[in-house]
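Please open the model in your viewer and keep the selection panel at hand, as this tour moves from one selection to the next.

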Amino acid sequence: MAIQDELKRQAAEKALEYVQENEYLGIGTGSTVRFFIEALAQSRKRIKGAVSTSAQTSEALKSFGIPEVTLNEVNGLPLYIDGADEINHLLQMIKGGGGALVNEKIVASAAEKFICIADESKYTSRLGHVPLPVEVMPNARSLVARRLLKLGGEPELRLGFTTDNGNQILDVANLNLNEPIKMEDAINNIPGVVDNGLFTHYSADLLVLGCSSGVQILTAKV
Ligand SMILES: O=C[C@H](O)[C@H](O)[C@H](O)COP(=O)(O)O
């Protein structure tokens, strides 16, 4: 297994310690989450049901025999576990590399606690090394792209990709993310934007980081 995957796996397995038995659990999307689902299935922990954030995650849950429930069936969630494309010292994130950011933010917002699982390459002092994914209504794509240019970004359509919600993704490079809260809100104020991959209002409460020196548990450093 490649080193980065091994670190993702270690973080995912460590996060199992925070999972409460006989409770509902929100589960994100991506390769790190896939390791988590595998570890959960192999553990003795039995959850009441998982709220999924994507077709990909639902498929993995099904293949590992973990029961799925919809968000509408639960009255909030004690815990949400998900990966990130980048995460900073305040545990604010860029997400959406896999295109699941809208459903991820919805489920994260329903949870009392958000634990991010990641390998050390995702931890950064400044967000913005990766392009910011923005989910747009297809009919507003060009309009939104022009507005993103005005915000200083360089949008590029994710070719051949449709989100689970039937929308498109603009990956926006070179945005100034020194004030990520303002940027998250400014982009979401553009008509036609469904949501963007900045998670500042729903930042993580805990980061379980797979490092070559061992797994680290980090909280926000203000
Ligand atoms: O849409 C995808 C999600 O936001 C993922 O959590 C993010 O892309 C990280 O994925 P991975 O664990 O594969 O690096």
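Begin by colouring the two domains of this predicted model separately: select residues 3-123 together with 201-218 for domain 1, and then residues 132-194 for domain 2. If you place a marker at the C-alpha centre of each domain, the two markers will lie 24 Å apart. Turn next to the contact between them, to which domain 1 gives 15 residues and domain 2 gives 16 residues.

Now select the ligand, and ask where it sits. The ligand occupies the largest pocket, and a shell of 17 residues can be shown around it. From that shell, display Ser31, Thr32, Asp85, Glu104 and Lys122 as sticks, since these are the residues that come nearest to the ligand. If you then colour the whole shell by residue class, you should find 2 nonpolar, 9 polar and 6 charged residues.

Which contacts involve oxygen atoms of the ligand? Select lysine 122 first and look at its side chain, where a polar atom lies 2.6 Å from a ligand oxygen. Move on to glycine 98, where a backbone N or O atom is 3.0 Å from an oxygen atom of the ligand, and then to glycine 97, where a polar backbone atom lies 3.4 Å from a ligand oxygen. With these contacts in view, switch on a surface for the protein and consider how much of the ligand it covers: of the 370 Å² of accessible area that the ligand has on its own, the protein covers 92%.

Notes
Residues are numbered from 1 along each chain as its sequence is written. This is a predicted model: local features need pLDDT of at least 70, side-chain atom pairs count only at pLDDT 80 or more; totals for chains, interfaces and linings use all residues. Side-chain values use heavy atoms; hydrogens and water are left out. A residue is near a molecule or strand if one of its heavy atoms lies within 4 Å of it. A polar contact is a pair of N or O atoms within 3.5 Å; within protein, one must be able to donate a hydrogen and the other to accept it, and residues adjacent in sequence count only if both atoms are side-chain atoms. Accessible areas come from the Shrake-Rupley method with a 1.4 Å probe; for residues, only the protein chains shown count as cover. On a 1 Å grid over the protein atoms alone, a cavity is a set of points where a 1.4 Å probe fits but cannot get out, and a pocket is an open set with protein on both sides within 12 Å along at least five of seven lines; lining residues have an atom within 4 Å of a point. A molecule sits in a cavity or pocket if more than half of its atoms lie within 2 Å of its grid points. Ala, Val, Leu, Ile, Met, Phe, Trp, Tyr, Cys and Pro count as nonpolar, Asp, Glu, Lys and Arg as charged, and the others, Gly among them, as polar. Domain bounds come from an automatic or database domain assignment. Contact means heavy atoms within 4.5 Å.
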